[in-house]
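Open the model in your viewer and set it to cartoon with side chains available. We will go from one helix to its surroundings, one selection at a time.

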Amino acid sequence: MKKNWITLLIVGMMIVTLIACGKTDKTETNVPNAETTQAVTVPETQEAPSETEEAIAETEEAIAETQGTKETEEAGDADDTVYEDNFSVDKEAVVAFAEKIKEAVANQDIEALVDLASYPLYAGFEDGGVTVASREELIGFGTEKIFTPEMMDSIKNADENSLSPSMAGFALYSNDGPNMVFGVVNGKLAIQGINY
């Protein structure tokens, strides 16, 4: 009985170690046991491709670092549709969510904007990027810091009908201006990054 517990502990530690090391392919690990040999399969993980825009790439990295720790405060969709990933979201839902962002920005409605986000959220301000842990923290930055004239202009002129999915999500912006990146979090659309 004691040998079984030790074997289970060793197998568990090996799985945690492989996952923590970011193993990207299926690996079979044999753990010797006095009676049998057990095989453990570690699933594949996907790496996000890099984007050409520096700000979107930073957001993508921040999203990857916080994946699995995000909480969604009923961000985005009012219906019961649950999406598997950014590539499974239908165009109508993407356009509708982008329009909610555009409306919140146009009205400088910080409450509406924070309700569309998931946390932690990456905010790439001009004076440095930060990870925002909660809606209260994002509100604490104030409307002047969030709704800069450049952000408002970029979001206002963004074409929500031409958004296409990536691993990071959908980047809403115009003319290489500031952007807001949103994507699927816990099955729903939510803002994951704001870049200035």
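This tour of a predicted model follows a helix, its core and one lysine.

**Stop 1: the helix.** Select residues 91–106, which form helix 3. Helix 3 has 16 residues and spans 22 Å from first C-alpha to last, close to the 22 Å expected at 1.5 Å a residue. Just beyond, click Gln108, which follows the helix and has a positive phi, near 50°.

**Stop 2: the buried residues.** Now show side chains for Ala93, Val94, Val95, Phe97, Ala98, Ile101, Lys102, Ala104 and Val105, the buried residues of helix 3. What do they pack against? Add helix 4 (110–115), helix 7 (149–156), strand 6 (170–172), strand 7 (179–185) and strand 8 (188–195) to see their partners.

**Stop 3: the core.** Select Ile101, Met180, Phe182 and Ile191. In the largest nonpolar core, of 35 residues, these four touch the most other members. Elements giving two or more residues to this core include helix 3, strand 4 (117–125) and strand 7. Helix 3 gives the most, with 7 residues. Centre on Ile101: beyond its neighbours within four places in sequence, Ile101 contacts Leu116, Ile155, Leu172, Met180, Phe182 and Ile191.

**Stop 4: the lysine.** Move to Lys102, also in helix 3. Is Lys102 buried or exposed? Its relative accessible area is 17%, under the 20% cut-off, so Lys102 counts as buried. Where does its side chain reach? Draw a distance to the backbone oxygen of Lys156: 3.3 Å. Finally, show Ile155, Lys156, Ala158, Glu160 and Leu172, which Lys102 touches, leaving out residues up to four places away in sequence.

Notes
Residues are numbered from 1 along each chain as its sequence is written. This is a predicted model: local features need pLDDT of at least 70, side-chain atom pairs count only at pLDDT 80 or more; totals for chains, interfaces and linings use all residues. Side-chain values use heavy atoms; hydrogens and water are left out. Helices (H or I, at least four residues) and strands (E, at least two) are DSSP runs, numbered from the N terminus. Buried means under 20% relative accessible area, exposed over 50%, partly exposed in between (1.4 Å probe, protein chains only). A polar contact is a pair of N or O atoms within 3.5 Å; within protein, one must be able to donate a hydrogen and the other to accept it, and residues adjacent in sequence count only if both atoms are side-chain atoms. Contact means heavy atoms within 4.5 Å. The expected span of a helix is 1.5 Å times one less than its number of residues. A nonpolar core is a set of buried Ala, Val, Leu, Ile, Met, Phe, Trp, Tyr and Cys residues joined through side-chain atoms within 4.5 Å.
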